[in-house]
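Here is a short tour of one protein chain, written for someone new to reading structures. Keep the picture open while you read, and find each spot as it comes up.

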Amino acid sequence: QITFTTGFIRFGLKDSEADFKGSLAVIPLLAGYRHHFEGGFYAEPQLGLSVNRVKFESDFGGFGSFNGTASDTSLSYAATVGYLKNNFDVSLRYQGLSSSGSGLGFIGLRIGYNYSL
């Protein structure tokens, strides 16, 4: 099966020592292939792009504050392994993105039910 995944992921950022806070928003655009094995197991590698936006606020006490946003597009990738039985789907996923020599990765657990329209 050929797959396409998109969505919206938001991470909160906070550093209490520097009075820094903000957020990172990621919109992944990933294409992949889901290969089914015997017994209901499957694997799904994906590759694509992510649109990223960082918003931040920092207060330097008596020295003023600094607020801003930055956006970029980065390489995005994911690998999923899962089990599908009687329309119930349980999977574990690693997703990452890489931009200008730095990166971010995270792991997700999905429990779902598939139904036909």
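## The surface and the overall shape

Let's begin on the outside: the protein chain has an accessible surface of about 8100 Å², and carbon and sulfur atoms own 61% of that. Keep in mind that what you're looking at is a predicted model.

Now for the outline. Measured out along the principal axes, the C-alpha atoms take up a box of roughly 65 × 25 × 25 Å. The radius of gyration is 18 Å, while a compact globule of 117 residues would come in near 13 Å. As for what's tucked away, 27% of the 117 residues are buried.

## Charges and contacts

What about charge? The protein chain carries 9 positive and 9 negative side chains, and the centres of these two sets sit 8 Å apart.

Contacts tell you which parts of the chain meet. Take the contacts with a separation of 6 or more: 45% of them link residues that are 24 or more positions apart.

## Strands and nothing but

How many helices and how many strands does the chain have? The tally is zero helices and eight strands. Reading from the N terminus, you get β-β-β-β-β-β-β-β.

## Around strand β5

Strand β5 covers residues 41-59, and it pairs with strand β3 (residues 20-33) in the antiparallel sense through 13 bridges. To spot this pairing, look for Ser23, whose bridge partner in β5 is Lys55.

Strand β5 is also antiparallel to strand β4 (residues 35-36), with two bridges joining them. His36 is matched there with Tyr42 of β5. The hairpin of β4 and β5 has four residues between the strands, and in it Gly39 takes a positive phi near 85°.

Then there's β6, which pairs with β5 over 19 bridges, again antiparallel. Find Gly48 and you'll see Ser76 of β6 standing opposite.

## Strand β6 and the loop after it

Strand β6 spans residues 65-85, and Ser71 is part of it. Is Ser71 buried or exposed? Ser71 counts as exposed because its relative accessibility is 58%, and the cut-off for exposed is over 50%. If you skip the neighbours within four places in sequence, Ser71 touches Asn52 and Arg53. Compare that with Ser91: it is 20 residues from Ser71 along the chain, and their C-alpha atoms are separated by 30 Å.

Between β6 and β7 comes a loop, and Asn86 is in it. Asn86 isn't a glycine, yet its phi is positive, at about 50°. With a relative accessible area of 61%, Asn86 is exposed. Asn87 belongs to the loop between β6 and β7 too. Phi of Asn87 is also positive, near 70°, and this residue is again something other than glycine. Asn87 has 39% relative accessibility, so it counts as partly exposed.

## The β7 and β8 hairpin

Which strand pairs with β7, and over how many bridges? Strand β7 (residues 88-99) teams up with strand β8 (residues 102-113), antiparallel, over 12 bridges. One place to look is Arg93, which has Gly108 of β8 opposite.

The hairpin of these strands has two residues between them, and Ser100 takes a positive phi near 50° there.

Methods:
Residues are numbered from 1 along each chain as its sequence is written. This is a predicted model: local features need pLDDT of at least 70, side-chain atom pairs count only at pLDDT 80 or more; totals for chains, interfaces and linings use all residues. Side-chain values use heavy atoms; hydrogens and water are left out. Two strands pair if DSSP finds at least two bridges between them. Buried means under 20% relative accessible area, exposed over 50%, partly exposed in between (1.4 Å probe, protein chains only). Contact means heavy atoms within 4.5 Å. The radius of gyration is taken over C-alpha atoms; the globule rule is 2.2 Å times the number of residues to the power 0.38. Accessible areas come from the Shrake-Rupley method with a 1.4 Å probe; for residues, only the protein chains shown count as cover. Lys and Arg count as positive and Asp and Glu as negative; His and the chain ends are not counted. The place of a charge is taken as NZ of Lys, CZ of Arg, CG of Asp or CD of Glu.
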